[in-house]
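Here is a friendly walk through one protein model. Have a look at the structure first, and then we'll go from the whole chain down to a few single residues.

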Amino acid sequence: MTTHRGRCDCGNIEYEFQDEPTNTVFCYCKTCQLHTNSDKWFGVWVPIYKFKFVKGTPSSFTAKGDSGCETHRQFCPNCSTVLGLKCDGFDIYSLSASTIEGADMLRPKMLIYTSLAPSWATFPEGLPRYDVLPPTE
């Protein structure tokens, strides 16, 4: 079992998760654009039961996301680094890829909410693109 670690910019908050992520996505929804001041969020999906904070207690901001579900974004109360988010109705935690140690090895596997991307956004070639979320089986 592999343990991956991550932290905020100031080191006040640290977390870890077990095994490999279930998915890695670029999300172009309006909420992610606001929280990143960019055209997208690079989310690393980890099952909730394999994730835990090991140092510090993050602050949380809750609002309705573009999916229609409540979205709980967690961030460091000291340096404001957004660590990740949990959407009600999904059993995953979407970690901010930039907070994971060794994240430069990660690549997105799909693009979601591309219908909400700004006109100037660019999309990596060769990846599945979804106007919103991918269909479920």
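Let's start with overall size. For 137 residues, a compact globule would be expected to have a radius of gyration near 14 Å, and the protein comes out at 14 Å, so the two agree. Keep in mind that this is a predicted model. If you drew a box around the C-alpha atoms along the principal axes, its sides would be roughly 40 × 30 × 25 Å.

What is the protein built from? It has one helix and ten strands. Going along the sequence, the order is β-β-β-α-β-β-β-β-β-β-β, which puts the helix right after strand β3.

Now for how the chain packs. Of the 137 residues, 42% are buried. Among contacts with a separation of 6 or more, 52% link residues that sit 24 or more positions apart. The accessible surface adds up to about 7700 Å², and carbon and sulfur atoms supply 51% of that. As for charges, there are 13 positive and 15 negative ones, and their mean positions lie 2 Å apart.

**A closer look at β3**

Strand β3 covers residues 23-27, and five of its five residues are buried. Which residues point which way? Asn23, Val25 and Cys27 face one way, while Thr24 and Phe26 face the other, and both groups are buried.

This strand also has neighbours, shown here with their bridges:

| Partner of β3 | Residues | Bridges | Direction |
|---|---|---|---|
| β4 | 41-47 | five bridges | antiparallel |
| β10 | 110-112 | three bridges | parallel |

You can pick out a residue pair on each side. Phe26 sits opposite Phe42 in β4, and Val25 has Met110 as its bridge partner in β10.

**Two residues with positive phi**

Where does Ser80 sit? It lies in the loop between β7 (70-75) and β8 (82-87). Its phi is near 70°, a positive value in a residue that isn't glycine.

Tyr113 is another non-glycine residue with a positive phi, in this case about 55°. You'll find Tyr113 in the segment after β10. Is Tyr113 buried or exposed? Its relative accessibility is 7%, so Tyr113 counts as buried, given that the cut-off for buried is under 20%.

To retrace the path: β3 has five of its five residues buried, pairs antiparallel with β4 and parallel with β10, and Tyr113 comes in the segment after β10.

Terms used. Residues are numbered from 1 along each chain as its sequence is written. This is a predicted model: local features need pLDDT of at least 70, side-chain atom pairs count only at pLDDT 80 or more; totals for chains, interfaces and linings use all residues. Side-chain values use heavy atoms; hydrogens and water are left out. Helices (H or I, at least four residues) and strands (E, at least two) are DSSP runs, numbered from the N terminus. The radius of gyration is taken over C-alpha atoms; the globule rule is 2.2 Å times the number of residues to the power 0.38. Buried means under 20% relative accessible area, exposed over 50%, partly exposed in between (1.4 Å probe, protein chains only). Contact means heavy atoms within 4.5 Å. Accessible areas come from the Shrake-Rupley method with a 1.4 Å probe; for residues, only the protein chains shown count as cover. Lys and Arg count as positive and Asp and Glu as negative; His and the chain ends are not counted. The place of a charge is taken as NZ of Lys, CZ of Arg, CG of Asp or CD of Glu. Two strands pair if DSSP finds at least two bridges between them.
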